[in-house]
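Colleague: Could you take me closely through one part of this model, namely the interior packing around a single well-connected side chain? I should like the account to continue from there into the surrounding elements.

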Amino acid sequence: MPVTAPRRQGLTVSGQPMSLPLKDVRALSRQMVGHFVETVAPCGTLPGDAIHGDITVITRVCLELAVSILDGSNIPEKTEQLEDAAAQWAREGVPIGTIHHAIHEGFKIGFDLVVSATSARRRTADSAHIDPMPTPSLADYQNILDGAKLVVEMLDTMTTAVSVAYVRELRAVVSEHHTAVHTLTSALLGGHPTSTMARECGIDISDRYRVIALAIPPHPDESNPMLDAKVVARRKLRRVQAELATRCDDTVLSLLSVDGGTLLIPADHITKGASKDLIGHLSRAARVHITAAAVTATTDAVPTAADQAHELLDMVTRLRSVPDLYHFDDLALEYQLTRPGAAREHLGSLLDPLDEHPELLDTLQVHIAHNLNRQRTARLLHVHTNTVDHRLKRIGQLTGFDPTMASGLWHLRSALVARTYRR
């Protein structure tokens, strides 16, 4: 924490101010910065104007702060200058580790200078045999001990000032970027002009996007009465967002909540296979099975594509389909069956004979959702496969469409799609 105590007596060694070797702050700051460039690898990659400008100035500020503390005072405005510089470095993307490493390197240089100067003065006095330096007294040893404590205090002052200011500014930068990206995504989904916002975000607008609608189911812990469901849900969302940031670059836009949302991924950045893999990674991060639907469209058609993607997602959710990534061109026929009209009403009515047999309707839905796998259907329904066979036969008798035949299955699947939109 900053040292704000009233002025006290400065520290001395053998009658000389301990801060004496650090007094020429301008020359010493240039020497230190040259050392940083040579030994602190990331410093060598900084622009020349940063090295010879801000970095040199702040190094001098740190030296002045160190001298003032050793001399028994403190200069609060120096700490404020250090905080302002740290905030600027956060905005410029200078790694905080580089800053801290440079500070520690500077402390090592300064400490060596103080120790070397004291030893040099004693050697000079001894060789001249005149006016010898006084033998180190108990007070000298106490001052050296106090100096060591001040070194830790100074280091604490500087690293704390840098860390607090850097993190505060970084949070502000992240918040601004998030807000800008959120606004840009909303504009694309709303079909509004986006060029100005895109420049502000530093994101290039793609010609075509894969618009992916996501459904994120509740995590099992959200229903645990011993846990805060909102906290569990937010942690799930943060894991998804972190995984998305890890797997994708800044060109991927998203609007997400704890139960789903929309992704906009440049079409030339991701293939169908990679899209499927991405949903798998997001599911593992969320620790639930995410269902998604994708539609590819030009930028100006993104709003329509988003509506289609979410309608497609709604359809596969109503059909209790296996969690996966579904593409519009794979389910275009089923999507068309959901459009309002007499055909949808007629198709939906084909399953009316099953109203009094909910176990048959459930069996049909599970069987179709799991790609007609009898063993899988039986396992999910907790019945024998023979029971599944019997129920499928009964469905054929009641509806007039045999689910074991291609034509019958087509009518039953179409009727199931249409039925989910009748109510």
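**Met315 and its surroundings**

Modeller: In this predicted model, Met315 is in contact with Leu331, Glu334, Tyr335, Thr338, Val417 and Tyr421, once its neighbours within four places in sequence are set aside.

Met315 also belongs to the largest nonpolar core, which has 44 residues. Together with Leu264 and Leu351, Met315 touches the most other members of that core. Two or more residues each are given to this core by helix 5 (138-190), strand 3, strand 6, helix 9, helix 12 (358-369), helix 14 (385-399) and helix 15 (406-419). Among these contributors, helix 9 supplies the largest share, namely eight residues. Another core, of 34 residues, lies apart from this one, and its members include Val33, Leu82, Val94 and Met154.

Tyr335, one of the contacts of Met315, leads to the aromatic packing. By the criterion applied to ring centres, one aromatic pair is counted. The rings of Phe328 and Tyr335 have centres 5.0 Å apart and planes at 70°, so their arrangement is edge-to-face. The two partners differ in exposure: Tyr335 has a relative accessible area of 8% and is buried, whereas Phe328, at 22%, is partly exposed. The cut-off for burial is under 20% relative accessible area.

Strand 6, also a contributor to the core, spans residues 291-298, and six of its eight residues are buried, which leaves the strand mostly covered. Strand 3 (residues 208-215) runs antiparallel to strand 6, and eight bridges join the two. Within this pairing, Ala213 has Ala293 of strand 6 as its bridge partner. Strand 6 also pairs with strand 7 (residues 325-327), here in the parallel sense and over three bridges. One of the bridge partnerships links Ala294 to His327 in strand 7. Between strand 6 and strand 7 the chain passes through helix 9 (residues 302-318), and the resulting β-α-β crossover is left-handed.

A further pairing completes the account. Strand 4 (residues 253-257) and strand 5 (residues 260-266) run antiparallel and are joined by five bridges. These two strands form a hairpin with two residues between them, and Ser257 stands opposite Gly260 of strand 5.

Key
Residues are numbered from 1 along each chain as its sequence is written. This is a predicted model: local features need pLDDT of at least 70, side-chain atom pairs count only at pLDDT 80 or more; totals for chains, interfaces and linings use all residues. Side-chain values use heavy atoms; hydrogens and water are left out. Buried means under 20% relative accessible area, exposed over 50%, partly exposed in between (1.4 Å probe, protein chains only). Helices (H or I, at least four residues) and strands (E, at least two) are DSSP runs, numbered from the N terminus. Two strands pair if DSSP finds at least two bridges between them. A crossover is right-handed if, with the strands pointing away from the viewer, the path from the first strand over the helix to the second runs clockwise. Rings of Phe, Tyr and Trp (its six-membered ring) pair if their centres lie within 6.5 Å; planes under 30 degrees apart count as stacked, over 60 as edge-to-face and the rest as tilted. A nonpolar core is a set of buried Ala, Val, Leu, Ile, Met, Phe, Trp, Tyr and Cys residues joined through side-chain atoms within 4.5 Å. Contact means heavy atoms within 4.5 Å.
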